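Thank you all for making the time this morning. I would like to take you through one chain, beginning with a single residue and working outwards from there.

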Amino acid sequence: MLRVELLKIRRLPTPRWVFLVTFLAVLVASAVVIALKPTGADLKWYADGPTLAASIFGPVGAIILGAWVAGLDFASKTIRLTATMQPSRGRMLDAKLLAAVLLVVVFVLFAFGLAFGAAKGCSYYGDAP
């Protein structure tokens, strides 16, 4: 059951789009900070710019992915068929919950790892302390 849920996550486009939008947001924030070249007291923006983008897009993306996993079968009305045909409904719901938790954890680690790396790179560029 978990394999089926993970296959949906891998094959359907929504998770890819959420990962891509988050990556692009952190990339754009880093490019803007580097292009503006803050000086003096504003040197902390080299680290804060990418972190701010991930702080906005990270939780929003996690909410979208969690709702997507939960609502995917309800929107396509396949949950009725699955729940009536599957003798172990508890296992089905457990697999859905585990897949949602795994997806959200991987996404949050991706988003904040990306932000940390971008902030480090920007701070090296800007000679921030």
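Let me begin with E5, which counts as buried because its relative accessibility is 8%, and the cut-off for that word is under 20%. Please keep in mind throughout that what you see here is a predicted model. E5 is found in helix α1, and if we set aside the neighbours within four places in sequence, E5 is in contact with D73, A95, K96 and A99.

One of those partners, D73, leads us to the packing of α1 with α3. The axes of helix α1, residues 2-11, and of α3 come within 12 Å and cross at roughly 105°, and that angle makes α1 roughly perpendicular to α3. On the α1 side the contact is made by E5, K8 and I9, and on the α3 side by W68, L72 and D73. Sorted by character, the residues of this contact of α1 with α3 divide into three nonpolar, no polar and three charged.

Now to the other helix pair I want to show you, α2 with α3. Helix α2 covers residues 13-36 and helix α3 covers residues 45-75, and the two pack at an angle of about 165° with their axes 8 Å apart. At that angle α2 and α3 are therefore roughly antiparallel to each other, given that the term applies over 145 degrees. As for the handedness, α2 passes α3 in a right-handed crossing. The residues that make this contact are, from α2, T14, P15, V18, F19, V21, T22, A25, V26, A29, S30, V33 and I34, and, from α3, W45, Y46, G49, P50, A53, A54, F57, G61, I64, L65 and W68. In the contact of α2 with α3 there are 18 nonpolar residues and five polar ones, with no charged residue. You may have noticed W68 in both lists, since it is named in the contact of α1 with α3 and again in the contact of α2 with α3.

Let me step back to the chain as a whole. How many helices and how many strands does the chain have? There are five helices and zero strands, and read along the sequence the pattern is α-α-α-α-α. The radius of gyration is 19 Å, well over the 14 Å that the globule rule gives for 129 residues, so the chain is more spread out than a compact globule. Along its principal axes, the C-alpha trace spans about 65 × 20 × 20 Å. Of the 129 residues, 32% count as buried. If we take the contacts with a separation of 6 or more, residues 24 or more positions apart account for 82% of them.

I will finish with two residues elsewhere in the chain. T78 lies in helix α4, residues 78-85, and is partly exposed, with a relative accessible area of 34%. Between T78 and G113, which are 35 residues apart along the chain, the C-alpha atoms are separated by 35 Å. Then there is L109, in helix α5, residues 89-126. Is L109 buried or exposed? L109 counts as exposed, because its relative accessibility is 61% and the cut-off for exposed is over 50%. Measuring from C-alpha to C-alpha, L109 and K37 are 28 Å apart in space, with their positions 72 residues apart in sequence.

Technical notes. Residues are numbered from 1 along each chain as its sequence is written. This is a predicted model: local features need pLDDT of at least 70, side-chain atom pairs count only at pLDDT 80 or more; totals for chains, interfaces and linings use all residues. Side-chain values use heavy atoms; hydrogens and water are left out. Axes are lines fitted to C-alpha atoms, for helices over the stretch in contact, and angles run from 0 to 180 degrees between N-to-C directions. Helices (H or I, at least four residues) and strands (E, at least two) are DSSP runs, numbered from the N terminus. Angles under 35 degrees count as roughly parallel, over 145 as roughly antiparallel, 65 to 115 as roughly perpendicular and the rest as oblique. A crossing is left-handed if the near helix is turned anticlockwise from the far one by less than a right angle, and right-handed if clockwise. Contact means heavy atoms within 4.5 Å. Ala, Val, Leu, Ile, Met, Phe, Trp, Tyr, Cys and Pro count as nonpolar, Asp, Glu, Lys and Arg as charged, and the others, Gly among them, as polar. The radius of gyration is taken over C-alpha atoms; the globule rule is 2.2 Å times the number of residues to the power 0.38. Buried means under 20% relative accessible area, exposed over 50%, partly exposed in between (1.4 Å probe, protein chains only).
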